[in-house]
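Thanks, everyone. I would like to take you through one chain this morning, going from a single residue outwards to the chain as a whole, so please have a look at the screen.

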Amino acid sequence: MSKVNRSGKHETRAQDYVVNKILCVFTLAFLLILGLVSVSRMMSRATSFVGAFKAMPYLTAGFALLTVACVVWAIIAKVKGVDTSYRLITGKHLAFVFGFAALCAFLLWQVFTKGMLTFLYVMIPAVAVLYIIFYTYPRDFFAVAATSGIGALAVWMISAIRNIGMYPAVLLAAVILAIAALVLCVVFTAKAQKNGGKLFGALVFDSTALYPLLYATYALVAAAIIAAFVLGYAALYFAAFGLVAYLVIVGIYYTVRQI
């Protein structure tokens, strides 16, 4: 087989692998949503509410144990030099799946309310969409999407905590943590820009990365978080949905840019 044919076959296989991974992610997201629907129905009935709540710690522990087992599987495979290229069912992949499921169960265990269900209904598809963006768009747009999406969720959570008015320390800690994360993003982005897109020796952004847009995104998310902290639910729709609208506009721009 010629080098050209081998290269073409390798590229086709790589593309098929990415498509299959994306399909698997959407399937898993759909299954998690179905699980949330079942939990919602159990929450709506007094006879099953307590049972569903008591099941959450066991689900969390079960998924956590599966995560650990898959991590061990992945480590053993790496030590033995097993080639997992283009394989969908690997210890690494399953560790992420069970770890994410454990996170969802843990959040419901800690806050067993309809509000948390709504949060998870939004978070699960958002993570799936970010996964697609990671594999199909430039890394700078992924950074914009991840920052805007996580920022919108942070605004939602901060507004909800402030609206309760019972946990000022938790509210302040959430805001400080969010702002600190944005500061780190600015520092890492500046470092990558200075090093030609490389961060810690790995290429993060290509030569066409729009660094001004990244910095503008960080500033916009910081402003939305501060608005949520000061105004609470009064700023929720303008801040959170404003970030989502901003992300859609930027996504359209990047899509047109790639054509």
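P125 is partly exposed, because its relative accessible area is 33%, and by the convention used here buried means under 20% relative accessible area, exposed over 50%, and partly exposed in between, with a 1.4 Å probe and protein chains only. P125 sits in helix α4, which covers residues 114-136; helices here are DSSP runs of H or I of at least four residues, strands are runs of E of at least two, and both are numbered from the N terminus. If we leave aside the neighbours within four places in sequence, P125 is in contact with I33 and L120, where contact means heavy atoms within 4.5 Å. From P125 to A46 the C-alpha distance is 29 Å, with the two positions 79 residues apart in sequence.

I should say early on that this is a predicted model, in which local features need pLDDT of at least 70 and side-chain atom pairs count only at pLDDT 80 or more, whereas totals for chains, interfaces and linings use all residues. Residues are numbered from 1 along each chain as its sequence is written, and side-chain values use heavy atoms, with hydrogens and water left out.

Let me turn to S40, in helix α1, residues 3-43. Is S40 buried or exposed? S40 counts as buried, because its relative accessible area is 17%. Neighbours within four places in sequence aside, S40 has contacts with K114, L117 and Y121. The C-alpha atoms of S40 and T113 are 9.1 Å apart, although 73 residues separate the two along the chain.

F200 is a residue I would look at on its own. It lies in the loop between β1 (198-199) and β2 (202-203), and F200 has a phi near 55°, which is a positive value in a residue other than glycine. With a relative accessible area of 63%, F200 is exposed.

Now to the surface. F49, V50, F53, L103, F106 and W109 make a nonpolar patch of about 500 Å²; such a patch joins nonpolar side chains (Val, Leu, Ile, Met, Phe, Trp, Tyr) within 5 Å, using residues with over 30% relative accessible area and no salt bridge, that is, no side-chain nitrogen of Lys or Arg within 4 Å of a carboxyl oxygen of Asp or Glu. Helices α2 (46-79) and α3 (91-110) each supply at least two residues of the patch. One of the patch residues, F53, lies in α2, and at 37% relative accessibility F53 counts as partly exposed.

Finally, the chain as a whole. It has eight helices and two strands, running α-α-α-α-α-α-β-β-α-α from the N terminus on. Its C-alpha atoms fill a box of roughly 65 × 45 × 30 Å along the principal axes, and 32% of the 259 residues count as buried. Of the contacts between residues at least 6 apart in sequence, 72% join residues at least 24 apart. The chain exposes about 15,600 Å², of which carbon and sulfur atoms supply 74%, the areas coming from the Shrake-Rupley method with a 1.4 Å probe.

Technical notes. Patches are made of residues with over 30% relative accessible area and no salt bridge: like charges are joined within 9 Å, nonpolar side chains (Val, Leu, Ile, Met, Phe, Trp, Tyr) within 5 Å.
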